[in-house]
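Hi,

Here is the structure I promised to pass on. My notes on it come after.

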Amino acid sequence: MSQTATQNHQLSGINIGLDVELRKVFKVFNGEAAVRGVDLSIYKGEFFSILGPSGCGKTTTLRLIAGFESPTAGDVLIRGASMLNVPPYRRPANTVFQSYALFSHMTVWENIAFGLRIKKRGKGEIHDRVQEALKLVKMESFANRFPSQMSGGQQQRVALARALVNRPTVLLLDEPLGALDLKLRKEMQVELSNLHHELGLTFVMVTHDQEEALSLSDRIAVMHEGKVEQVGTPSQIYDRPQSAFVADFIGDTNLFRGKIEGAHPAMLWIRTASGLKMKVQPSDVSGEPLTSGAVVVSVRPEKVTLGFTPDDEQTNCFEGRLQNVMYLGTHVHYVVQLRSGDQLTVRQPSALHVPEADTPIFLSWQAHDCLALPG
Ligand code: ATP
């Protein structure tokens, strides 16, 4: 590509409001690819999360954006400019780590001022910016404390202030709440969300906590074995997963392997490996509509209705026996063994009458309540 063409191409990223772009990025460690051809486009002001199981390459992807790792192939751009030869401290991105990574011998004030001092900013400017950053994270009264004199949540707030004081274009968050207990984690999630709204900055967060990603993010990239399986809004990822992996990883689901026996634009007839005949409403979630071949049918536990008699109104109705009942306050979790041998989980709102284990039962769901995914 010519120099001008490259510049035009890069400019297009800015014009459509992109802050971060990964183009066909690979990262190989000791002959093993941790990141395999990742393409990502992250928009200005987005809260974007990278979610996936341990070892799927999400931290490596974040470190490639931060500049702590360089790609084996591909390019990383911030605001349309290639970052390939730009060291981390010159990138308009700052990272908040799970371990806070504060300097233990420095006070909160010194920790936050450190980056500005290195950049040789004037005393007055450092004072104002540190004060502003402390205020953002509501830690003004902690300026003279040392990290060891604070709780985990307070230390993480300081780590956030230390990143924000540099006024980055992009804030990178590597499992930022991973070290906090559940209650504090929930509180800090709200704080993070407020901070994001207040600042309008682009946040890119790595997490393995799907609930955290679903509740905080504008969009989520689900990674699996070094690749991006799907990028979408939380509801697209939850309600319209494009693969069996995403359906299984996000929330609970019941998966049935099977084959398409008949296809009509409005209905798929599927026979599962265990012999169940299911009707599934086709969807275009994975691009090309599925019309033949192997599929995996996904049915969320909350979409299944439980009854004591066959429900002729429902498209899919199967007989089974209750194996396990767990009362969980707001809802009841059932495990049901179908006559076919399949085991399903079902979640229903709590009711006065909760059937006991071993009760014969019928499970039913509509064709539009399940999804057929490439098998
Ligand atoms: P986790 O949630 O456990 O942190 P992750 O999805 O963030 O996992 P990565 O840390 O990106 O995964 O690691 C992806 C793969 O790359 C793993 O197999 C890991 O062992 C490997 N890896 C990461 N960093 C290095 C390194 N510096 N040297 C060698 N291998 C590495």
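The notes cover the two pockets, then one helix pair.

This is a predicted model, where local features need pLDDT of at least 70, side-chain atom pairs count only at pLDDT 80 or more, and totals for chains, interfaces and linings use all residues. Numbering starts from 1 along each chain as its sequence is written, and side-chain values use heavy atoms, without hydrogens and water.

**Pockets**

The largest pocket holds about 650 Å³ of space. Its lining has 23 residues, and Tyr-89, Ala-93, Asn-94, Gly-115 and Asn-166 are the closest to the centre. (A pocket is an open set of points on a 1 Å grid over the protein atoms alone, where a 1.4 Å probe fits, with protein on both sides within 12 Å along at least five of seven lines; lining residues have an atom within 4 Å of a point. A volume is the space filled by probe spheres set on the points, which are joined across faces, edges and corners.)

The second largest pocket has about 170 Å³. Its lining includes Tyr-238, Asp-239, Arg-240, His-368 and Cys-370.

**Helix pair**

Helices α3 and α4 (DSSP runs of H or I, at least four residues, numbered from the N terminus) pack at about 125 degrees, with axes 10 Å apart. Axes are lines fitted to C-alpha atoms over the stretch in contact, and angles run from 0 to 180 degrees between N-to-C directions. The pair is therefore oblique (not under 35, over 145 or 65 to 115 degrees). In the contact (heavy atoms within 4.5 Å), α3 residues including Trp-109 and Leu-116 meet α4 residues including Ile-126 and Leu-134.

Best wishes

How values were computed:
Helices (H or I, at least four residues) and strands (E, at least two) are DSSP runs, numbered from the N terminus.
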